[in-house]
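Biologist: Please take a close look at one part of this model, the protein surface around one of the DNA strands. I should like a connected account of what lies there.

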Protein chains: 2
Amino acid sequence: MSQQRHGNTPGNADGGRAGSVTAFPDLPEATIARLPEYLRALHNLGEAGADTVSSEGLAAAAGVNSAKLRKDLSHLGSYGTRGVGYDVALLIDQIEYVLGLDQRRAVCLVGLGNLGHALAGYDGFASRGFKIVALFDADPSKVGEEIQGLIVRHIEELGRVAVEENIAIGVIATPAGAAQAVADVLVDAGVTSILNFAPCVLSVPSGVDVRKVDLAIELQILSFHEHRKASLTALPGGRSATAAGNQEAVGS
Amino acid sequence: MSQQRHGNTPGNADGGRAGSVTAFPDLPEATIARLPEYLRALHNLGEAGADTVSSEGLAAAAGVNSAKLRKDLSHLGSYGTRGVGYDVALLIDQIEYVLGLDQRRAVCLVGLGNLGHALAGYDGFASRGFKIVALFDADPSKVGEEIQGLIVRHIEELGRVAVEENIAIGVIATPAGAAQAVADVLVDAGVTSILNFAPCVLSVPSGVDVRKVDLAIELQILSFHEHRKASLTALPGGRSATAAGNQEAVGS
DNA sequence: AGGCGCTTGTGAAGGCGTGCACAAATCGCG
DNA sequence: CGCGATTTGTGCACGCCTTCACAAGCGCCT
């Protein structure tokens, strides 16, 4: 990781960030993971008619600490006004730019089982900067099926289509046994980002990013906390009748 | 502070850790989030016929560093044998116990749109310690529908059913606008763990755990990396991505 | 015009997690 | 029985992230 810190003077903070900004100030990974949440909160606020929002208000809407939010945003530059807050529209533009959402990204989806069908129909993708442009499956009985206006193609076509449609992001929703082979095909086709829903570890060349979502793992983590809570309430005499005292949003 | 390793000597490791173990050594959150991954890898290894596995081997199967794996496991106690490795079956039992998976947990699912249908049919839940015992929706046209052998009930029945079936975990797969109301109903019904697929922040009383899975956010994070990679390759520096193969997983 | 209240941006401190490197422990073999 | 090979368990140092607290900056009101 020889990531060179390159001087991010707040000087360029004004509106003119048209294409000239070379690379990115290396944002902390933790910050990047929160930017989408801020973005969603900002869109909500914007639709509610807010022109500006304070760090406190935005932090509440995004479910984080306000100091953390300010520090996160400060990494992008100075887009707030002291004494006033942040301009909602401006901040939306800035975050969308940083996340690369100003260009609608083409996504392909591999595996149209139960989950794949749901993902193909999930309108949260389209409404937040992504467009599913192709569906693939290895099962001949599924090929040809029309889902949400797209025809399911055989996975052998993936390489050709990926190039034609300039697909950079692939979503894997196959069973675990097929996932690695699919990943290999995706990588060969030039895909450099993969979202993996299959419960397995993918091996990919460096330069390819993989994010994994495992629904069962999330439940197992909750199960642990259930287990812990149960063993705690069993011990002290006072079975905490109602913990509903203080409202605290327990974020992830 | 006084992180006293509580005398969980390897002697009783086999069967004799019935419910009497007081509480849990407070495992680091990061460790907890990885335990399910270890568990999955162990099951794979076990089915492949392995009796024991080294930290190196298990780490590779789980996609993590071996030192990290050893430290994680050391938090549970000493369940390995130096010079040999870890007993697969024993470690499976131990992790399942810690995660509270020795008892099959009852889960209810609220919201049977596109995603809800997929979740209801996802066999990864049943195969990994969970059982969906009830489905709810607010839409009368969906109530009565049979999915995977379960009848969709109206959400007003949630309170009664949750108590009857002893449901501790609820999954929210509704639109964002309905999620908070559903969460309130779940909490009132005694549910203390919530897995939220709706793109919004939930406010719940302390003592209730919420984990959030937002599919679009995952894509947006990938989009950022795409954006960054694109702006790097545009530079004449010609450093072709040397980043080590990194497998990022959702969490925190 | 000047002061006052509000909010951002940030230096500093502390905590948490990671990875290295090695001592301790166990097994197999001569 | 002792020795070497192997692997676990862990002390330690380092870096990242979070949180606090406050100076700097901005707008509004008088």
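**The surface around DNA strand D**

Modeller: In this predicted model, DNA strand D is surrounded by 27 residues, of which Arg34(A), Arg82(A), Ser55(B), Arg70(B) and Tyr86(B) are the closest. By residue class, the surface near DNA strand D consists of 11 polar, nine charged and seven nonpolar residues. Seen from the strand, 62% of the atoms of DNA strand D within 4 Å of the protein are sugar or phosphate atoms, and the rest belong to bases.

Individual contacts illustrate both kinds. A base nitrogen of DNA strand D lies 3.4 Å from a polar side-chain atom of Arg70(A). On the phosphate side, an N or O atom in the side chain of Tyr86(B) is 2.6 Å from a phosphate oxygen of DNA strand D, while a polar backbone atom of Gly80(B) is 3.2 Å from a phosphate oxygen of the strand. The elements giving two or more residues to this surface are α1 (29–47) and α3 (66–74) in chain A, and α3 (66–74), β2 (80–81) and β3 (85–87) in chain B. Of these, α3(A) supplies the largest share, with four residues.

The two phosphate contacts of chain B can also be placed within a sheet. Gly80(B) has Tyr86(B), in β3(B), as its bridge partner, and β2(B) pairs with β3(B) in the antiparallel sense over two bridges. These strands belong to an open, antiparallel sheet of three strands in chain B, in the order β1-β3-β2. Its edge strands, β1 (52–53) and β2 of chain B, each pair on one side only.

Terms used. Residues are numbered from 1 along each chain as its sequence is written. Chains are lettered from A and ligands numbered from 1 in the order in which they are written. This is a predicted model: local features need pLDDT of at least 70, side-chain atom pairs count only at pLDDT 80 or more; totals for chains, interfaces and linings use all residues. Side-chain values use heavy atoms; hydrogens and water are left out. A residue is near a molecule or strand if one of its heavy atoms lies within 4 Å of it. A polar contact is a pair of N or O atoms within 3.5 Å; within protein, one must be able to donate a hydrogen and the other to accept it, and residues adjacent in sequence count only if both atoms are side-chain atoms. Ala, Val, Leu, Ile, Met, Phe, Trp, Tyr, Cys and Pro count as nonpolar, Asp, Glu, Lys and Arg as charged, and the others, Gly among them, as polar. Two strands pair if DSSP finds at least two bridges between them.
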